[in-house]
Structure formats: structure tokens, C-alpha cells
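User: I'd like to understand the words people use when they talk about a structure like this one. Can we go through some of them together?

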Amino acid sequence: MVVHTASSAEALGMAAAQQAAMRIRELAKRLSAVSIVFATGASQLKTLRALTGIPDVPWERVIGFHMDEYLGISAAHPASFRRYLREELVDRVPLREFRYIEGDADGPGAFCHRYAAELREHPPQLCLLGIGENGHLAFNDPGEADFDDREAVRIVRLDNVCRQQQVNEGWFVSIDDVPKEAITLTIPALMAIPELIASVPGERKAAIVRRFLSEAISPDLPATILRRHPNVTIYLDRDSAAYIG
């Protein structure tokens, strides 16, 4: 695992975006389709906005997936991750296609199996992700994360720390408005992706950054599993790196 500390959130976003752009170009030289998993949330905004502004990225080769969505929320909801990715990515660059997690699908369990099949059909080569304030990866919260999960996509319960983070970031008015369940890619699905680029800015992430870099690898702090991945780069800014040496 490589950890970089940038001078600001903007510099972090640009550095992560430049690495992602370089990798997309390299992958497009040998693959007709490049599958990428994209995260959402406040931590990803600088990275996505920088990435979509970089010229000569072969977006026409890219098949996009995303890693989680609230259960029961429509694509038009202000907090929907489908809406976020449409506005911050899909409408900005000419992707080959984007495959959304439909949080309001009829039969969400069956949808999870269909989405897992799509991931098997187009195995992701790159993932842009973040780390939650409770150490979650995607929506795999402490108490829900399973490092040996046999499923690639499943329905999970969200803990109150995760739900409060969504309020703190301005996506919901109160914790009562935040759904209690979500559809997410599982830990094994994320760990199977050959390269991970994590953008983790902001002072609210400082405590969890220190913990996931130093504590024992455990589902009680899901982000610690990143230390077992063979190719992961963590981008911090001065605020999120405040508690590490």
C-alpha cells in the first residue's frame, strides 16, 4: 500500500485523478473495454471533477459500475448515488456505458444477483473509492463487513455512524431520513479488483485514517483489509493525515 499526502483536497483530487487517467490509458491499449468501479460521496468530488477534466482519457472504452446505493431510493432523489454519478461523471464524459445499481428495483435480492453477473461479465480493472468515517468500504460497515463473503453484491444494514455521516455531508436533513439498508459490492468483490485508488480528504477522516493504518486487520474496521491488497494507493490531504507520522 502506498500512501501520499497532498497539500490540499484539490491537490489530492488532482493527484488521484492523474493516476486514474494514466491507468485508463494503459488499460485501453490492451483491452477493448475497461471496466471501472466508481465511489460517490463528498470525498470523491475533487477526484471526479479533476478526472473528467483531464484530456485524452479514452472514455469511449470505459464501462462504469458503482459500488453502492441506498435501498428504496429513486434515481431522482437528491441523495441518490445514481443521480450523483450521472451529474458528476456520466453527463460530463462520453462513457461507453454505465451500469447503475438500482436501489428501487423490484426484487432487490434478484437485482443483486443480476448486478453480480454483470460484474463477472465485465471484471473491473480499476476502482476509485473512499473510506467512511466508521472505516467502511462501500457500504460494508463494521458489524456487516464479511472478509469471506461468498456474494459479490448484497443488501446490508447501515450503522448509525455511517448514516450520520450522510447527514454531516449534507445529503440528508436528519438521520431519520437516511435509509437503514443499502445495496453494496462486498469486500471480496472490491479486493478482487486489480488496482484501487482511494481518495480520503478532510479532517473528519483523520481519526479513521490513523486507525486503519495501525490497528489489527479486522471486519470491525473494514478498511484495514486494504493493507492486504497488492496494489492500492491512498491519497490523503493535510487534514486527513493530521494524526499520522
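Analyst: Sure! Let's start with pairing: two strands pair if DSSP finds at least two bridges between them. Keep in mind that this is a predicted model.

User: What makes β6 and β9 a pair?

Analyst: Strand β6 (residues 126-129) and β9 are joined by 3 bridges, and the cut-off is at least two, so they count as paired. The two run parallel. One of the bridges links C127 to its partner L196 in β9.

User: And how do you know that β9 pairs with β10?

Analyst: Same kind of check: 5 bridges lie between β9 and β10, with at least two needed, so this is a pair, in the parallel sense. For example, L196 has V232 as its bridge partner in β10, and I197 has T233. To get from β9 to β10, the chain goes through helix α7 (residues 206-214), making a right-handed β-α-β crossover.

User: Why is β1 called an edge strand?

Analyst: Look at the order of the open sheet, which has 7 strands: β1-β10-β9-β6-β2-β3-β5, with parallel pairing. β1 (2-6) pairs on one side only, and so does β5 (97-99), which makes these two the edge strands. Ignoring direction, neighbouring strands are turned by 20° against each other on average. Helix α4 (residues 108-121) packs on this sheet, where it touches β3 (62-66) and β5. The direction of α4 makes about 145° with that of β3.

User: Why is L236 called buried?

Analyst: Buried means under 20% relative accessible area. L236 has 1% relative accessibility, so it counts as buried. This residue lies in strand β10 (residues 232-237).

User: Which residues does L236 touch, leaving aside its neighbours within four places in sequence?

Analyst: Contact means heavy atoms within 4.5 Å. By that rule, L236 is in contact with V3, H4, T5, A6, L12, V200, V209, A241 and I244. Take H4: it sits 232 residues away from L236 along the chain, yet their C-alpha atoms are separated by 6.1 Å.

User: What makes β9 a mostly covered strand?

Analyst: Count its residues: 5 of the 5 in β9 (residues 196-200) are buried. L196, A198 and V200 point one way, while I197 and S199 point the other way. In a regular strand, side chains alternate between the two faces of the sheet. In β9, the residues pointing either way are all buried.

Terms used:
Residues numbered from 1 in each chain as written. Predicted model: local features only at pLDDT ≥ 70, side-chain atom pairs only at ≥ 80, totals over all residues. Heavy atoms only, no water. Helix = DSSP H or I, 4+ residues; strand = E, 2+ residues; numbered from the N terminus. Buried < 20%, exposed > 50% of the residue type's maximum accessible area, 1.4 Å probe, protein only. Right-handed = clockwise from strand over helix to strand, strands pointing away. Axes fitted to C-alpha atoms, helices over the stretch in contact; angles between N-to-C directions.
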